[in-house]
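Here are my notes on the model you sent. Please read them with the structure open.

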Amino acid sequence: MSVSTLTQGANFAQATRKVGDRSVTYTWRSPKQTIEVEGENFGGLVRLDISHDSTRKEFSAFIRFAHYENSRGYESVRFTIFDDVNYPSGTVATQPVARYSAKALSEFETRVVEYLNGVSQLGGNGAHGRIVEVWARVTEIAMGGDGTLRYSEAVSM
């Protein structure tokens, strides 16, 4: 299965979707904890947060790659805010709204999902490039890798 085939909706089939108060979160976790950092093993995790910010009066979608560890029934998530090399992240989209409505949030979620399903063909640099890279990590996790892009490099060889 090629990466371009997987990005057309199959990535979202691999995600865990959680609906909260004025928010929707998609989470992709690598099946194994195989990333070694400072002598400890972690798994790759990508989280897409779609939410309503009542202070700014807007919907926003933010995506981030992180490491996770499941140990003794607890999950810890680890990332560094300003390290876009190891933990790429970025704002996918924002939309001003006069007031919150569940229907409008659902429509915004649909637009974000459609955008991400086509983002791998766009390429780019800067903030958009980070979103493309995080989405490539989602694709790799959906294929059974750990999100470090080593798996997709090995498959393409």
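Which residue forms a salt bridge with Arg130, and how far apart are the closest N and O atoms? Point 1 takes this up.

1. **The Arg130 pair.** The partner is Asp84, and the closest N and O atoms are 3.4 Å apart. The two residues come from distant parts of the chain, 46 residues apart. Arg130 sits in helix H4, while Asp84 sits in the loop between E6 and E7. Arg130 is partly exposed, at 26% relative accessible area. Asp84 is partly exposed too, at 30%. Keep in mind that this is a predicted model.

2. **Overall layout.** The protein has 157 residues. Its secondary structure consists of 5 helices and 7 strands. From the N terminus the order is α-α-β-β-β-β-β-β-β-α-α-α. Of the residues, 40% count as buried. Take the contacts with a separation of 6 or more: residues 24 or more positions apart account for 55% of them. The exposed area is about 8,900 Å², and carbon and sulfur atoms supply 50% of that.

3. **The core.** The largest nonpolar core holds 31 residues. Tyr26, Trp28, Leu48 and Leu116 touch the most other members. Strands E2 (23–29), E3 (35–37), E4 (40–53) and E5 (58–71) each supply at least two residues of this core. Helices H3 (102–118) and H4 (126–142) each do so as well.

4. **Leu48.** What does Leu48 touch, leaving out residues up to four places away in sequence? Its contacts include Tyr26, Trp28 and Leu116, which are also among the residues that touch the most other core members. Phe12, Val24, Thr25, Ala61, Phe62, Ile63, Val92 and Val112 are on the list too.

5. **Ala61.** Is Ala61 buried or exposed? Ala61 is buried, because its relative accessible area is 0%, under the 20% cut-off. Ala61 belongs to strand E5. Its C-alpha lies 5.5 Å from that of Asp49, 12 residues apart along the chain. Beyond its neighbours within four places in sequence, Ala61 contacts Leu48, Asp49 and Ile50. Its contacts also include Gly90, Thr91, Val92 and Ala93. Phe108 and Val112 contact Ala61 as well.

6. **Helix H3.** This helix has 17 residues. From first C-alpha to last, H3 reaches 25 Å, close to the 24 Å expected at 1.5 Å a residue. Which residues of H3 are buried? They are Ala104, Leu105, Phe108, Glu109, Val112, Val113, Leu116 and Asn117. An α-helix has 3.6 residues a turn, so residues three or four places apart point the same way. Check that spacing against the buried positions of H3, among them Ala104, Phe108 and Val112.

7. **Other salt bridges.** A search of the whole structure finds 5 salt bridges. One of them joins the side chains of Glu75 and Arg29, at 2.7 Å, N to O. Glu75 lies in strand E6 and Arg29 in strand E2, so this pair ties together parts that are 46 residues apart in sequence. Glu75 is partly exposed, at 34% relative accessible area. Arg29 is also partly exposed, at 34%. Asp53 forms a salt bridge with Arg56, and here the closest N and O atoms are 4.0 Å apart. Asp53 is partly exposed, at 26% relative accessibility. Arg56 is exposed, at 61%.

8. **Nonpolar surface patch.** Which residues form a nonpolar patch on the surface? They are Val77, Phe79, Ile81 and Phe82, with about 450 Å² of accessible area together. Ile81 lies in the loop between strand E6 (74–78) and strand E7 (89–96). Why does Ile81 count as exposed? Its relative accessible area is 57%, and exposed means over 50%.

9. **Positive phi angles.** Please look at two loop residues here. Arg22 is not a glycine, yet has a positive phi of about 60°. Arg22 lies in the loop between strand E1 (16–20) and E2, and is partly exposed at 36% relative accessibility. Glu38, also a residue other than glycine, has a positive phi near 50°. Glu38 lies in the loop between E3 and E4. At 72% relative accessibility, Glu38 is exposed.

Note on methods
Residues numbered from 1 in each chain as written. Predicted model: local features only at pLDDT ≥ 70, side-chain atom pairs only at ≥ 80, totals over all residues. Heavy atoms only, no water. Core = buried A, V, L, I, M, F, W, Y, C linked by side-chain atoms within 4.5 Å. Buried < 20%, exposed > 50% of the residue type's maximum accessible area, 1.4 Å probe, protein only. Helix = DSSP H or I, 4+ residues; strand = E, 2+ residues; numbered from the N terminus. Contact = heavy atoms within 4.5 Å. Expected span 1.5 Å × (residues − 1). Patch = residues over 30% accessible without salt bridge, like charges linked within 9 Å, V, L, I, M, F, W, Y side chains within 5 Å. Areas by Shrake-Rupley, 256 points an atom, 1.4 Å probe, with all protein chains shown as cover.
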